[in-house]
Amino acid sequence: MRCLVIAACLALASPAFADALTPSISVNGQATVSAAPDLAEIEAGVTTEAKTARAASEANAKAMNAVLAALKQTGIAQKDIQTSQISLQPQMASRNNSSAPPQITGYRATNRVSVTLRDTAKIGDTLDALVAAGANDIGGVSFSVSQSSKLLDEARARAIDDAHRKAAIYAQSAGITLGGPLSIAEEGVPPPIAFRKMNASLAAAPTPIVPGEQTLRVSVHVSYEIKPKP
């Protein structure tokens with residue numbers, strides 16, 4: 001009697017322990033959902049060099065103001081333009097005498113912004129406008145899908161359906177009755193649809209951009225109760 005009481009207490013204290021005592025079948029379910037990206041992000045800016053820090057900084061500010069003005073003219077909202085990097089660094093060169101410390105030969109100023117485009121059809125025109133305005137530091141273009149949470153939920157539902165389909169096949173083949181799920185665990189934390197980076201061309205010709213599609217994958221581990229067929 002005492003052993004039965006201890007076992008009952010453990011089962012109440014730990015649902016996982018109770019599930020372990022229940023006959024079950026465990027399967028993995030997978031699902032993928034694809035969608036065309038509707039957001040793009042461009043990293044762009046200006047890098048200037050000069051003999052003095054002040055000259056490099058002033059030249060950079062003048063060039064960057066022209067870039068920002070060009071972005072405004074393309075209709076991009078101020079909230080979609082954010083400074084991502086700003087730096088002023090000395091440029092060093094070794095002296096003829098290798099034992100002597102390097103000397104400063106000039107300064108390099110960099111100012112970059114992250115630009116969010118809510119219309120991917122405007123990416124090429126935006127890149128061309130940036131280059132025409134004097135942007136000489138373009139890191140690339142990234143794509144994403146704004147409704148990533150909705151797509152994740154859709155993929156989760158499909159993954160559960162896939163798990164149930166597999167479990168039903170096993171149960172039928174084994175001559176047993178498939179019950180309800182005992183546990184559901186998502187394998188890993190599915191990230192939002194990832195940005196896909198691509199290099200941006202600085203050619204004078206119109207810049208071609210192909211967004212393609214983004215694919216999201218979800219995997220779940222499900223345990224179902226099983227019973228002998230009546």
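**Cores, a sheet and Thr-48**

Thr-48 is buried, with a relative accessible area of 12%. The model is predicted.

Visitor: Where is Thr-48 found, and is Thr-48 buried or exposed?
Guide: Thr-48 sits in strand E2. Its relative accessible area is 12%. The cut-off for burial is under 20%. Because 12% falls under that limit, Thr-48 of strand E2 counts as buried.

Visitor: Which residue gives a backbone oxygen 3.0 Å from a polar side-chain atom of Thr-48?
Guide: Two backbone atoms come into play for the Thr-48 side chain. The backbone nitrogen of Asn-60 lies 3.5 Å from a polar atom there. The backbone oxygen lying 3.0 Å from such an atom belongs to Ala-56.

Visitor: Which residues does Thr-48 touch, beyond those up to four places away in sequence?
Guide: Ala-56 and Asn-60 are on the list. Both also supply a backbone atom to the polar pairs, an oxygen from Ala-56 and a nitrogen from Asn-60. The full set is Ala-56, Ala-59, Asn-60, Tyr-107, Arg-108 and Ala-109.

Visitor: How many helices and strands does the protein have?
Guide: From the N terminus, the elements run α-α-β-β-α-β-β-α-β-α-β-β-β. Each α is a helix and each β a strand. The tally is five helices and eight strands.

Visitor: What percentage of long-separation contacts join residues at least 24 apart?
Guide: Take contacts between residues at least 6 apart in sequence. Then ask which of these join residues at least 24 apart. The share is 82%.

Visitor: What share of the exposed area do carbon and sulfur atoms supply?
Guide: Of the 230 residues, 30% count as buried. The protein exposes about 13900 Å². Carbon and sulfur atoms supply 56% of that area.

Visitor: Which element gives the largest share of the largest nonpolar core?
Guide: This core has 19 residues. Elements giving two or more residues are E2 (39–50), H3 (53–73), E4 (103–117), H4 (123–133) and E5 (137–144). The largest share is four residues, and the element is E2.

Visitor: Which residues have the most contacts inside that core, and what does Ile-42 contact?
Guide: The residues with the most contacts inside the core are Ile-42, Leu-71, Val-115, Leu-117, Ile-123 and Leu-130. Leave aside neighbours of Ile-42 within four places in sequence. Its contacts then include Val-113, Val-115, Leu-117, Ile-123, Leu-130 and Val-141.

Visitor: How many residues are in the second core?
Guide: This core is separate from the largest one. Among its members are Ile-25, Val-33, Val-145 and Leu-216. Its count is 18 residues.

Visitor: Which strands are the edges of the open three-stranded sheet?
Guide: The strand order is E1-E8-E6, with antiparallel pairing. An edge strand pairs on one side only. The edges are E1 (24–35) and E6 (176–186).

Visitor: How many bridges join E1 to E8?
Guide: The two strands pair in the antiparallel sense. Partners in E8 include Val-220 for Gly-29 and Ser-219 for Gln-30. The bridge count is twelve.

Visitor: What is the bridge partner of Ile-176 in E8?
Guide: E6 and E8 run antiparallel. Eight bridges join them. Ile-176 lies in E6 (176–186), and its partner in E8 is Pro-228.

Visitor: What angle does helix H5 make with E1?
Guide: H5 (residues 148–174) packs on the sheet, touching E1, E6 and E8. Neighbouring strands of this sheet are turned by 30 degrees on average, direction ignored. For H5 and E1, the angle between directions is about 145 degrees.

Conventions: Residues are numbered from 1 along each chain as its sequence is written. This is a predicted model: local features need pLDDT of at least 70, side-chain atom pairs count only at pLDDT 80 or more; totals for chains, interfaces and linings use all residues. Side-chain values use heavy atoms; hydrogens and water are left out. Buried means under 20% relative accessible area, exposed over 50%, partly exposed in between (1.4 Å probe, protein chains only). Contact means heavy atoms within 4.5 Å. Accessible areas come from the Shrake-Rupley method with a 1.4 Å probe; for residues, only the protein chains shown count as cover. A nonpolar core is a set of buried Ala, Val, Leu, Ile, Met, Phe, Trp, Tyr and Cys residues joined through side-chain atoms within 4.5 Å. Two strands pair if DSSP finds at least two bridges between them. Axes are lines fitted to C-alpha atoms, for helices over the stretch in contact, and angles run from 0 to 180 degrees between N-to-C directions. A polar contact is a pair of N or O atoms within 3.5 Å; within protein, one must be able to donate a hydrogen and the other to accept it, and residues adjacent in sequence count only if both atoms are side-chain atoms.
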